Amino acid sequence: MPALAFLDNSSLRSGGGAPLPLRAMTSSPAAPAAAIAADHALAHLLASQAGQLLVDLRAKLHAEGVEGKELKDAGDMAAHNHLMEALRTERPNDAVLSEEGKDDKARLDAERTWIIDPLDGTREFSEPPRDDWAVHVALVIDGQPVAGAVALPAQGITLSTHTKRLAPGAPGDPLRFVASRTRPGPSADLLVDHLGATMIPMGSAGAKTMAVVQGRADIYAHTGGQYEWDSCAPVAVANAAGLHTSRIDGSPLVYNNDDVYLPDLLVCRTELADQVLTILANLADA
Ligand SMILES: [Mg+2]
């Protein structure tokens with residue numbers, strides 16, 4: 001596939017951000033700052049492209065009567081293959097960890113590792129017209145997600161470190177938290193009891209984190225088990241939006257580990273972080 005194929009973003013909405021600067025798309029090892037700037041744009045573009053591919057694929061297969069596991073698998077593979085080929089073309093020297101690929105441990109020695117979830121919320125993807133599913137693309141350097149994008153393709157938007165800083169607006173009254181629609185977990189009960197918060201059930205870690213980034217929720221806490229690709233790109237975007245991100249014990253999230261299990265996550269408005277972490281500490285005491 002020609003490299004230029006990845007530079008055509010004319011049909012994609014950028015979630016409020018500036019147009020992608022195409023001349024900045026080429027990474028230069030001699031200029032690290034400029035290289036990272038190009039990575040923001042690339043993450044945004046690749047997530048958007050894979051998202052559009054998934055929207056089109058779901059519409060086509062749904063019309064043909066394809067559903068359930070067959071639809072899920074088709075989505076996972078199509079987005080994975082697209083992103084892997086794009087990254088091979090655009091960033092041939094970087095390592096990649098994908099939920100849908102073999103884990104090449106050479107990434108542990110790599111300076112730059114892309115961590116991708118080609119389709120986050122596969123269950124929701126397979127239930128049209130649900131729109132709470134996402135594409136995650138993030139770049140990790142020294143354990144930190146330094147660039148990232150979360151496409152919400154069925155909502156027609158991509159939020160990323162390339163977009164301008166988002167202002168979440170005023171907090172909800174009562175506070176609103178997003179939790180897994182299938183496994184809200186014990187943290188949900190605690191937040192209802194101690195904050196009087198309203199729960200918004202939703203699929204996809206990316207969609208839930210973006211609900212906080214967009215100001216449609218105030219807190220996202222997860223305790224039910226996750227892997228690095230579930231939270232990496234969402235955390236990159238949440239950090240860029242000025243939100244609090246951490247493990248639920250308040251410790252930092254670190255990526256590109258040998259064991260990619262990263263079971264819990266807190267994303268919230270910064271002014272709520274201390275209060276929420278204190279409440280969640282009851283989980284450890286329970
Ligand atoms: Mg996935």
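Mentor: Before we start, a residue is buried if 20 or more other C-beta atoms lie within 10 Å of its own. Keep in mind that this is a predicted model.

Trainee: Got it. What share of the residues in the chain is buried?

Mentor: The chain holds 286 residues, and its folded parts include seven helices and ten strands. Counting the buried residues against that chain length gives 47%.

Trainee: Where does the largest nonpolar core lie?

Mentor: That core has 75 residues, and V137, A138, V150, V212, I219 and V237 touch the most other members. Helix α1, residues 32-63, gives the largest share, nine residues. Domain 1 (3-160) and domain 2 (176-285) both contribute residues, so the core lies between them.

Trainee: Let's zoom in on V150. Which residues does V150 touch, leaving out those up to four places away in sequence?

Mentor: V150 is among the core members that touch the most others, and it sits in strand β4, which spans 144-152. Setting aside residues up to four places away, its contacts are A47, A134, H136, L159, S160, G206, M210, A233, P234 and V237.

Trainee: Now the sheet with β1 to β5. Which strands are its edge strands?

Mentor: The five strands form an open sheet in the order β1-β2-β3-β4-β5, with mixed pairing. Neighbouring strands are turned by 15° against each other on average, ignoring direction. An edge strand here pairs on one side only, and that describes β1 (95-98) and β5 (157-160).

Trainee: In which sense do β2 and β3 pair?

Mentor: Six bridges link β2, residues 113-120, with β3, residues 134-141. One contact point to look for is D117, whose bridge partner in β3 is H136. The sense of the β2 and β3 pairing is antiparallel.

Trainee: And what is the bridge partner of A95 in β2?

Mentor: β1 and β2 run parallel and are joined by four bridges. A95 and L97 point one way from β1, while V96 and S98 point the other way, and all are buried. Across in β2, the bridge partner of A95 is T113.

Trainee: Which strands of that sheet does helix α6 touch?

Mentor: Helix α6, residues 228-240, packs on the sheet, and its direction makes about 95° with that of β4. The strands it touches are β1, β2, β3, β4 and β5.

Trainee: Why is α6 described as largely enclosed by the rest of the structure?

Mentor: Look at its residues: E228, W229, D230 and S231 are among the buried ones, and so are V237, A238 and A240. The helix is largely enclosed because the buried count is twelve of the 13 residues.

Trainee: How far apart are the end C-alpha atoms of α6?

Mentor: At 1.5 Å a residue, the 13 residues should span 18 Å. The model agrees with that expectation, because the end C-alpha atoms are apart by 18 Å.

Trainee: What about the other sheet, the one with β7 and β9: what is its strand order?

Mentor: This sheet is also open, with five strands and mixed pairing. Its edge strands are β7 (198-202) and β9 (244-246), and the twist averages 20° from one strand to the next. Reading across, the order is β7-β6-β8-β10-β9.

Trainee: Which residue in β8 stands opposite F177?

Mentor: Strands β6 (residues 176-180) and β8 (residues 219-222) pair in the parallel sense over two bridges. The β8 residue opposite F177 also appears among the core members that touch the most others. That residue is I219.

Conventions:
Residues are numbered from 1 along each chain as its sequence is written. This is a predicted model: local features need pLDDT of at least 70, side-chain atom pairs count only at pLDDT 80 or more; totals for chains, interfaces and linings use all residues. A nonpolar core is a set of buried Ala, Val, Leu, Ile, Met, Phe, Trp, Tyr and Cys residues joined through C-beta atoms within 7 Å. Domain bounds come from an automatic or database domain assignment. Two residues are in contact if their C-beta atoms, placed from the backbone, lie within 7 Å. Two strands pair if DSSP finds at least two bridges between them. Axes are lines fitted to C-alpha atoms, for helices over the stretch in contact, and angles run from 0 to 180 degrees between N-to-C directions. The expected span of a helix is 1.5 Å times one less than its number of residues.
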